[in-house]
Amino acid sequence: MINYVDPSRVQGLSVRTMNGGDTGDRRVHVTYPSIDDAPRLSEKIRRTVTERLDRFIRDTSMNTALPHPEFNVDWQLAAASDQVIGVRLRTGESLGADWSESRTTVWYDRVDRRALDSTALIRDDSALAELARIVRESLNGRGAPVDPRAVRPDAELFDSLSFNPHGELVVEFDDYQVSGGPLGRVAVAVPAVEVAPLLSATGLRAQRAAAGRARTSPPMGSDESIEAASTVKLPARSSRAGSVDCARVKCVALTYDDGPGPDTGRLLDILAGADARATFFSVGSNAAARPELLRRMRQEGHLVANHTWSHRDLTSLSTSRIADQIDRAQYTITQAIWQVPTLMRPPYGASSVQVASVARRLGLSVVRWNVDTEDRREPDPGAIADRAVSRARPGAIILMHDVHGATVDAAPEILRRLKEKGYTFVTVPELYGPRGMEPGRTYDSAASGGGWGRSGSVTRALEKQALP
């Protein structure tokens, strides 16, 4: 196992998000790190994921009957020192019913200032051939359906190399590379004494960076982490909750998904200048990289909520995987703000009876929206502002994304124009007043029933099926 580096400890690290723009019915979400003093690394990662996304779009364009094809990339830091940085990308694709994963680890040598593929950790072609032989021998004992004969000294097969704390070289394979089907993660750890003669100068630096590094927190989703997240802290609540009566005042809830991102701090400045509050549905992997922004949200009266760990379409997952996506984000957000989120928003707004049931068990209300600014595919701040203002109604929940610069650029105009119309900006639970929000129920808006209602036949149908 690889003990990954806490990204919040890496100076100058921010998270970039790509959603593919106008990709039709495809569900696309890509995140990757950008580090100030390693621009070549960020550019290499961007090219890597863009090439794969372009290929995915081409593949799915040939079959328009596919039900919501999905493309998802998340990341972890395999190493981070004053000499090297390693970024492990996990790419998942669904072209229908099947889900497959591939893994790529990209390296940056801070000494030589070069962005490198994983095979650059190996000294030369002869060393790569010897590594392939060692890996084949290790796989020989695995039995069917693993096929050791598939292992060749090929850069495409050895594109995800990193080190564990014992100094062992961890070789990871993609689905279908060494088997006829998806087996989950297939990996081999080559002992340090065997791999040392095969390493390049960059490889030796990477090995030193990983050696001896121990895990400092309980694993995500473990009983220990869930207990820490759910029993020690109080439920998340805006520090200004109760200061506005939405039964008497025109209220609207601005909600921002997918962050925190590079422009989230600027958005918080804008909201503070307008004395406006919002609800931030944070992706867990982004929250892990920028916990200080979540703490600022809490301190300034906003509400931080759960948007899953890596933005997967929950309706395509088993119940256990739905819980894992929510649990991991819940733990990370709780550790950042020292409060337990009470709201979750399913990525793409895609919910189901199973999603609602898991949310109910975890004490989370499911929040969607009734105003979509369409900012995921809109580069014009004026158009985003026009949609938000023209579609707003008392009790509305407005969907936006703080990972898009155009959305943040639109914020001053949205706040100014809605204020002129007499709106007050509150967090989502405040829309529902003393009735509150119930775990497992799905909320689209509070626009009906005198300001504290629930609307939408789909919402009521989900509630009816999810709750006894």
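These legends go with a set of close-up views of a predicted model.

**View 1. The six-stranded sheet, strand by strand.** Here 6 strands line up as β1-β2-β3-β4-β5-β6 in an open sheet with mixed pairing. The edges belong to β1 (13–18) and β6 (114–116), each of which pairs on one side only. Leaving direction aside, neighbouring strands in this sheet are turned by 20 degrees against each other on average.

**View 2. Helix α1 laid over the sheet.** Residues 39–61 make up helix α1, and this helix lies across β1, β2 (27–35), β3 (70–80), β4 (84–94), β5 and β6. Compare its direction with that of β2: α1 runs at about 170 degrees to that strand.

**View 3. The β5 and β6 end of the sheet.** Strand β5 covers residues 99–109 and pairs with β6 in the antiparallel sense, over 3 bridges. Look for Asp109, which stands opposite Arg114 in β6. The loop between β5 and β6 is home to Arg113. What is the sign of phi at Arg113? It's positive, at about 55 degrees, even though Arg113 is not a glycine. That deserves a second look, because most residues other than glycine have a negative phi. Arg113 is also exposed, since its relative accessible area is 57% and the cut-off for exposed is over 50%.

**View 4. The loop between β11 and α6.** This stretch links β11 (251–257) to α6 (264–273), and Pro260 sits in it. Going from Gly259 to Pro260, the peptide bond is cis, with omega near 0 degrees. For context, most peptide bonds are trans. Asp258 is in the loop between β11 and α6 too. Phi of Asp258 is positive, near 80 degrees, and this residue isn't a glycine either. Is Asp258 buried or exposed? Buried: its relative accessibility is just 1%, and the label applies to anything under 20%.

**View 5. The disulfide of Cys246 and Cys251.** How many disulfides does the structure hold? The count is 1, and this view shows the pair that makes it, Cys246 and Cys251, with their sulfur atoms 2.2 Å apart. The link between Cys246 and Cys251 is left-handed, with -90 degrees about the S-S bond. Both ends are tucked away: Cys246 counts as buried because its relative accessibility is 9%, and Cys251 is buried as well, with a relative accessible area of 2%.

Definitions and conventions. Residues are numbered from 1 along each chain as its sequence is written. This is a predicted model: local features need pLDDT of at least 70, side-chain atom pairs count only at pLDDT 80 or more; totals for chains, interfaces and linings use all residues. Side-chain values use heavy atoms; hydrogens and water are left out. A disulfide is a pair of cysteine sulfur atoms within 2.5 Å. Buried means under 20% relative accessible area, exposed over 50%, partly exposed in between (1.4 Å probe, protein chains only). Two strands pair if DSSP finds at least two bridges between them. Helices (H or I, at least four residues) and strands (E, at least two) are DSSP runs, numbered from the N terminus. Axes are lines fitted to C-alpha atoms, for helices over the stretch in contact, and angles run from 0 to 180 degrees between N-to-C directions. Contact means heavy atoms within 4.5 Å.
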